Structure formats: C-alpha cells, structure tokens
Amino acid sequence: MGVILATTVDPARFPAGVRAGIGAAGSPDRSWREARTALRFTTSRGPVVHFDDLGALALLAHVPDDVARDNADVSAIARVAGNPEDLETLDVYCAAGSLRRAAELLHLHHSSVARRLEQIGKALDIDLTDPTGLTRARLALTSWWLLDD
C-alpha cells in the first residue's frame with residue numbers, strides 16, 4: 001500500500017493491476033480516510049474508485065462484518081461465490097443494468113446470460129428482473145466484497 005499526495009490524479013495512468021482509492025482534496029486526514037474507504041470498493045473491473053463517486057454506497061463500509069455476514073442476501077452471495085462464473089455474471093449484470101449490455105460485456109448470447117441469471121436469481125431467492133431485486137443483489141454483492149475474510 002502506498003500514498004500519493006496530489007492535487008489531480010489521472011486514473012488512466014495507473015499501471016495495470018494497481019488498485020487505488022481516491023479521497024477528496026482538502027484536509028489530508030479526511031482525504032486519507034476517504035481514500036482508504038474508496039479502496040475497499042475497488043474490483044478488478046473497477047480498480048480506481050473516487051470516494052465522491054460512492055455516494056450513499058460508502059455507508060456500507062461502516063456496516064460491521066458480523067451484521068453483513070448474518071444478512072440473508074449476503075449469505076446467499078457467499079454461496080453463489082463458489083462459482084466464479086456466476087459471480088462474474090451477477091457482477092456484470094448489476095453494473096450494466098440490462099441483460100443485453102451484460103451479454104455484450106461477457107461476450108455471450110443474451111439467452112445464455114438470461115439462463116444464468118435465472119439460476120442465480122433462484123439461488124439468491126431474488127427476482128433479478130425487478131428493480132428492487134437488482135438493488136438488493138448489488139448491495140449484497142458489494143457488502144460481500146467488503147467483508148474482511
């Protein structure tokens with residue numbers, strides 16, 4: 001882990017494989033806390049995260065691990081995570097917000113993605129075609145990533 005103090009940062013200039021959380025300018029103490037929180041939200045698909053872009057999602061970083069683990073949706077994600085292909089499909093679908101866009105990003109036919117999502121939805125006991133279900137899945141997935149396991 002390293003620290004960069006800068007007034008501007010170009011995320012495109014980070015080397016491949018590097019993850020970075022970026023805090024707001026101003027107080028170095030506050031920026032450090034924000035950057036550390038943002039770093040927790042990075043993924044291989046999104047390796048650079050600005051704290052300011054998290055909005056209300058940043059609140060998830062304050063949920064105690066035991067509370068998150070005990071949540072039924074997060075527990076279901078942990079079970080789905082045993083199959084990396086399903087986890088990737090769910091992640092891409094949640095980020096894309098549409099079946100066709102997810103299929104495009106996964107380089108699969110939309111009917112294949114639809115079948116996968118139907119099976120994943122059953123495993124999660126969440127209707128992934130419903131906006132509330134999609135939100136639940138995304139929050140559960142993000143909460144699962146934030147666990148300190």
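## Report on a predicted helical model

Threonine 89 is found in helix α5, where helices (H or I, at least four residues) and strands (E, at least two) are DSSP runs numbered from the N terminus. This is a predicted model, in which local features need pLDDT of at least 70 and side-chain atom pairs count only at pLDDT 80 or more, while totals for chains, interfaces and linings use all residues. Residues are numbered from 1 along each chain as its sequence is written, and side-chain values use heavy atoms, with hydrogens and water left out.

Threonine 89 has a relative accessible area of 0% and is therefore buried; buried means under 20% relative accessible area, exposed over 50%, and partly exposed in between (1.4 Å probe, protein chains only). Not counting residues up to four places away in sequence, threonine 89 touches Leu106, Val113, Arg116, Leu117 and Ile120, a contact being heavy atoms within 4.5 Å.

**Overall make-up**

The protein has 8 helices and 2 strands, and from the N terminus on its elements run β-α-β-α-α-α-α-α-α-α. Its C-alpha atoms fill a box of roughly 45 × 35 × 25 Å along the principal axes. Of its 149 residues, 35% count as buried. The protein exposes about 9,300 Å², with 53% of this supplied by carbon and sulfur atoms; accessible areas come from the Shrake-Rupley method with a 1.4 Å probe, and for residues only the protein chains shown count as cover. Among contacts between residues at least 6 apart in sequence, 54% join residues at least 24 apart.

**Nonpolar cores**

A nonpolar core is a set of buried Ala, Val, Leu, Ile, Met, Phe, Trp, Tyr and Cys residues joined through side-chain atoms within 4.5 Å. The largest one has 25 residues, and Ile77, Leu90, Leu124 and Leu128 touch the most other members. Two or more residues each come from α4 (72-80), α5 (84-96), α6 (99-106), α7 (110-124) and α8 (131-146). The most come from α5, which gives 5 residues.

Leaving aside neighbours within four places in sequence, leucine 90 is in contact with Ile77, Ile120, Leu124, Leu128, Ala137 and Leu141. Apart from this core lies another, of 8 residues, among them Ala38, Phe41, Ala58 and Leu146.

**Helices α6 and α7**

Two packed helices are described by the angle between their axes and the distance between the axes. For α6 and α7 the angle is about 105° and the axes are 8 Å apart; axes are lines fitted to C-alpha atoms, for helices over the stretch in contact, and angles run from 0 to 180 degrees between N-to-C directions. The two helices are therefore roughly perpendicular to each other, a term for angles of 65 to 115 degrees, with under 35 roughly parallel, over 145 roughly antiparallel and the rest oblique.

In α6, Leu99, Arg100, Ala102, Ala103 and Leu106 meet His110, Val113, Ala114 and Leu117 in α7. By class, this contact has 7 nonpolar, 1 polar and 1 charged residues; Ala, Val, Leu, Ile, Met, Phe, Trp, Tyr, Cys and Pro count as nonpolar, Asp, Glu, Lys and Arg as charged, and the others, Gly among them, as polar.

**Loop residues**

| Residue | Loop | Relative accessible area |
|---|---|---|
| Glycine 97 | between α5 and α6 | 44%, partly exposed |
| Histidine 107 | between α6 and α7 | 72%, exposed |
| Aspartate 125 | between α7 and α8 | 66%, exposed |

Phi of histidine 107 is near 60°, a positive value in a residue other than glycine. Aspartate 125 also has a positive phi, near 60°. Glycine 97 and leucine 134 lie 37 residues apart in sequence and 8.1 Å apart in space, C-alpha to C-alpha.
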